[in-house]
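Student: Could you take me through one part of this model up close, and then show me what else is going on around the chain? I'd like it as one connected story rather than a list.

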Amino acid sequence: MYLKIIENIMRFIRKDKSFSITDFSIVNKYNYKDYTRSDLDSGRVYNVAEKKVPSVTTILSKTQSKEKRESLNRWRERIGYEEAARITNQASTRGTEMHHVLEQYLKGIGYLNLSKDGALPRMMAHTIVSNLDQFSQVWGTEVTLSYKDRWAGSADLIGVYDGKPSILDFKQSNRPKREEWIEDYFYQLCAYIMAHESMYGKIEQGVVLICTVDLIFQKFILSGDRLEELKKKWLERVEHFHALQSLGERTKETS
């Protein structure tokens with residue numbers, strides 16, 4: 001236990017108003033392209049070769065199951081729409097800051113937000129980094145990926161995890177998750193993995209790393225047969241989304 005504490009302390013170096021990490025190597029394995037993105041009324045898109053390609057998160061949002069939509073509506077009604085919006089916005093802000101902390105660390109750049117809103121996301125980021133002992137190489141952070149004109153998205157981290165080419169996704173949460181609750185997280189990883197393999201090279205696994213506001217850490221790995229199974233289900237979601245888009249466009253033309 002004491003050895004683990006010492007290792008975690010040694011991993012972080014604080015200099016002036018920034019923290020950095022000591023033990024990841026940054027390797028420019030691929031020349032990753034960088035796509036801009038836009039938020040439209042129809043959802044987020046990435047600008048890929050003069051095409052507006054729907055984001056992974058937009059596809060997931062637009063193809064939510066009826067049960068999930070109804071569950072979210074019941075939650076909003078139970079606590080009130082104003083409170084639900086406050087909680088959602090707070091979680092979004094916290095998640096954005098946590099991701100930024102992690103991105104700066106993994107680029108080898110020191111970063112420290114000393115504001116009140118920066119403290120908890122920083123501790124959550126530190127919790128994730130303290131559990132990244134199996135991660136050895138950074139190939140890219142916030143890497144934009146596109147699968148033809150079907151979808152696009154931004155992968156949090158690509159590199160070598162447990163000796164395998166991997167895509168990692170960082171998540172924050174108010175409470176611990178069960179695996180059956182995070183299928184959409186897995187679909188995100190499937191989308192990124194398929195796009196990376198079509199553009200660059202093989203990825204063997206996806207890894208979801210979660211930290212709760214109580215600093216509880218969780219790890220979920222997607223690989224093997226389960227990865228192949230969810231790739232097929234993800235493609236079904238994508239086809240459903242594009243069918244809905246085509247139907248909407250035809251409806252506009254005839255109205």
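Tutor: Here is a walk that starts at one threonine, moves on to a small sheet and ends at a pair of helices. Keep in mind that this is a predicted model.

Let's get our bearings with the whole chain. The protein chain has 255 residues, and 45% of them count as buried. Its secondary structure comes to seven helices and eleven strands. If you take contacts between residues at least 6 apart in sequence, 65% of them join residues at least 24 apart.

Now zoom in on Thr144, which sits in strand β7, residues 135–147. Is Thr144 buried or exposed? Its relative accessibility is 6%, and the cut-off for buried is under 20%, so Thr144 counts as buried. Its side chain has polar partners on the backbone: it reaches the backbone oxygen of Lys33 at 3.1 Å, and it also reaches the backbone nitrogen of Tyr35 at 3.0 Å. Setting aside neighbours within four places in sequence, the residues in contact with Thr144 are Lys33, Asp34, Tyr35, Tyr46, Gly153 and Ser154.

One of those contacts, Tyr46, takes us to the next stop, since strand β5 covers residues 43–48. That strand belongs to an open sheet of three strands, ordered β4-β5-β6, with antiparallel pairing. The edges are β4 (36–40) and β6 (51–54), each of which pairs on one side only. On average, neighbouring strands here are turned by 40 degrees against each other, ignoring direction. As for the backbone side of this, strands of a sheet pair through backbone hydrogen bonds, either parallel or antiparallel. Between β5 and β6, the antiparallel pairing runs over four bridges, and Val48 stands opposite Lys51 of β6.

Last stop, the helices. Two packed helices are described by the angle between their axes and the distance between the axes. For α3 (residues 66–79) and α4 (residues 81–106), the axes come within 6 Å and cross at roughly 115 degrees. The roughly perpendicular class covers 65 to 115 degrees, and α3 and α4 are therefore roughly perpendicular to each other. On the α3 side, the contact is made by Trp75, Arg76, Glu77 and Ile79, while α4 brings in Tyr81, Glu83, Ala84, Ile87 and Thr88. Sorted by type, the residues of this contact split into five nonpolar, one polar and three charged.

Conventions:
Residues numbered from 1 in each chain as written. Predicted model: local features only at pLDDT ≥ 70, side-chain atom pairs only at ≥ 80, totals over all residues. Heavy atoms only, no water. Pairing = 2+ DSSP bridges. Helix = DSSP H or I, 4+ residues; strand = E, 2+ residues; numbered from the N terminus. Axes fitted to C-alpha atoms, helices over the stretch in contact; angles between N-to-C directions. Buried < 20%, exposed > 50% of the residue type's maximum accessible area, 1.4 Å probe, protein only. Polar contact = N/O pair within 3.5 Å; in protein donor to acceptor, adjacent residues only side chain to side chain. Contact = heavy atoms within 4.5 Å. Parallel < 35°, antiparallel > 145°, perpendicular 65-115°, else oblique. Nonpolar A, V, L, I, M, F, W, Y, C, P; charged D, E, K, R; others polar.
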